[in-house]
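Colleague: Please take one part of this model and go through it closely, strand by strand. I would like the pairings, the registers and whatever packs against them.

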Amino acid sequence: MSAIPPDHGRSWWLREALAQPEFAGDPCPPLTADATADVVILGGGYTGMWTAWFLKELDPGIDVILLEQDICGGGPSGRNGGFVNSFWGELTRLAERFGDEAALRVCRAGEQSVSEIGAFCDKQGVDAWFRPDGDLNAASSTSQIGEWADDIITADRLRLDHLQVLTTDEVRARVDSPVLHGGVFSRYGGTLHPARLARGLRNALLDAGVRIHEHTHVARFGVGDPVVAETPTARVTAGAGVLAMNAWAQHWKRFRRAITVRGSYIVMTEPAPDLLSDLGWTDGMGLSDYRSALHYVRNTPDGRIAFGIGGMQPDIARHIDARFAYDQPSIEVAIADLHRMFPTFRDVGIEAAWGGPIDVSGDHLPFFGTLDPGTVHYGLGYTGNGVGPAHLGGRILAHRALAKYDDVLALPLVDLEPRRFPPEPIRSVGAAVANRAIHRRDDSLDDEQRPNPFVDFVAKLPRRLGYNLGP
């Protein structure tokens, strides 16, 4: 079955949310006149909006202006898979990098964010389909069996009990796919409707008095004192600024080698609740495998499957262009992989298909900091796992902007200097070559074939050099 045409680059999530008045909300016109504020925020995604939310919680009288080049939720925050993760899946990496105690503090802070997102939805009356039913990571080929060993060893060493090792039969009792083998279930995490959350948060900010200007492109940004954000027709002058631009931060010289951009693509089936019930998968548990270009999969309350594939790159893509919103070859790969994992859905229609850019950090971890002379703060590098961590990021950045201490400022992600990627053109060309090798290797392993030795070497080279290119 071929992919359907794109719908102006919008995700199914965002189109579904905007069709309902409670999520569409009142319009936020572009900035047309000069303005002043206490804090100006660039970016109307989760990080920018949660920052504004926490600023208002900390100081209800603060004057905040948020500028978004599209609409709030139009970027990755409204087109991701809707996995609400903390940092428990990165525990081993965190412990190796920062030590056990610091790693546990990060994971517990992330866990708190997941709970607080659910509480926000309840209190604000935002029906974002929040279902904290855990995460299942399972092998989708025999080569992936045992990939969870390090996580189990780390959890056992730290006397944690959040992971449950499952046999093939136990995995298939939760999701009856013929390609799934053993795996690990974590009770932390779940799924939600990402665009409903984004739009619900936007509308809550408007109610709190935050001034939001959508369709506002910032052409120049001065990081001095005061902070000045200039658009083609107006400017905002503020005492502090927050950069919450996700993958678009790559255009800043300071971040050019701190992140690299990858694509991730999702296909959404038509509703098939009976077939989903036959799979035994009717709760909100998220599912992912251990491929290098991993699959991330979840269902919806109305019986759909949203099937995503990460770590994609549309050729040598040095800039974010329309291919990141929709790339036909990548969509076709996602559909073929969906049908491999769920053959009973082969005759179910594909209702929507879309993509989005991911701000990949060399450490596979987000990082937060402050630019000289200390008036502008930033957060990025979520590497495709930002729904939960962006809430924590907003809390970090709000406290930084107000110069108010909180324990989150002592987390090792704050003032973290990420591993730097090679300069251009080495980065884009090298990533494109490695990306093709990764997919060829994954395809061979999916077919239970031994990869070509040279392809295998090239596919593993980024990790040997210390980089993790996938979400």
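**Strand pairing**

Modeller: Strands β12 (residues 295-299) and β13 (residues 305-312) run antiparallel and are joined by five bridges. Strands here are DSSP runs of E with at least two residues, helices are runs of H or I with at least four, and both are numbered from the N terminus. Two strands count as paired if DSSP finds at least two bridges between them. For the register, N299 has I305 of β13 as its bridge partner. The model is predicted, so local features need pLDDT of at least 70 and side-chain atom pairs count only at pLDDT 80 or more, whereas totals for chains, interfaces and linings use all residues. Numbering starts from 1 along each chain as its sequence is written, and side-chain values use heavy atoms, with hydrogens and water left out.

The β12-β13 pair belongs to an open sheet of eight strands, ordered β4-β5-β3-β11-β12-β13-β10-β14, with mixed pairing. Its edges are β4 (163-166) and β14 (350-361), each of which pairs on one side only. From one strand to the next, the twist averages 20 degrees. Helix α11 (residues 328-341) packs on this sheet and touches β10 (259-269), β11 (286-288), β12, β13 and β14; contact means heavy atoms within 4.5 Å. The direction of α11 makes about 125 degrees with that of β13. Such angles run from 0 to 180 degrees between N-to-C directions, and the axes are lines fitted to C-alpha atoms, for helices over the stretch in contact. When following side chains along any of these strands, recall that in a regular strand they alternate between the two faces of the sheet.

The pairings of β9 (residues 235-243) can be read in the same way. Seven bridges link β9 to β1 (residues 35-42), and these two strands run parallel. L42 is matched with L243 of β9 as its bridge partner. β9 also pairs with β8 (residues 227-230), here antiparallel and over four bridges. A hairpin of four residues makes the connection from β8 to β9, and A229 stands opposite V236 in β9. With β16 (residues 376-380), β9 pairs in the parallel sense over three bridges. The bridge partner of G241 in β16 is V376.
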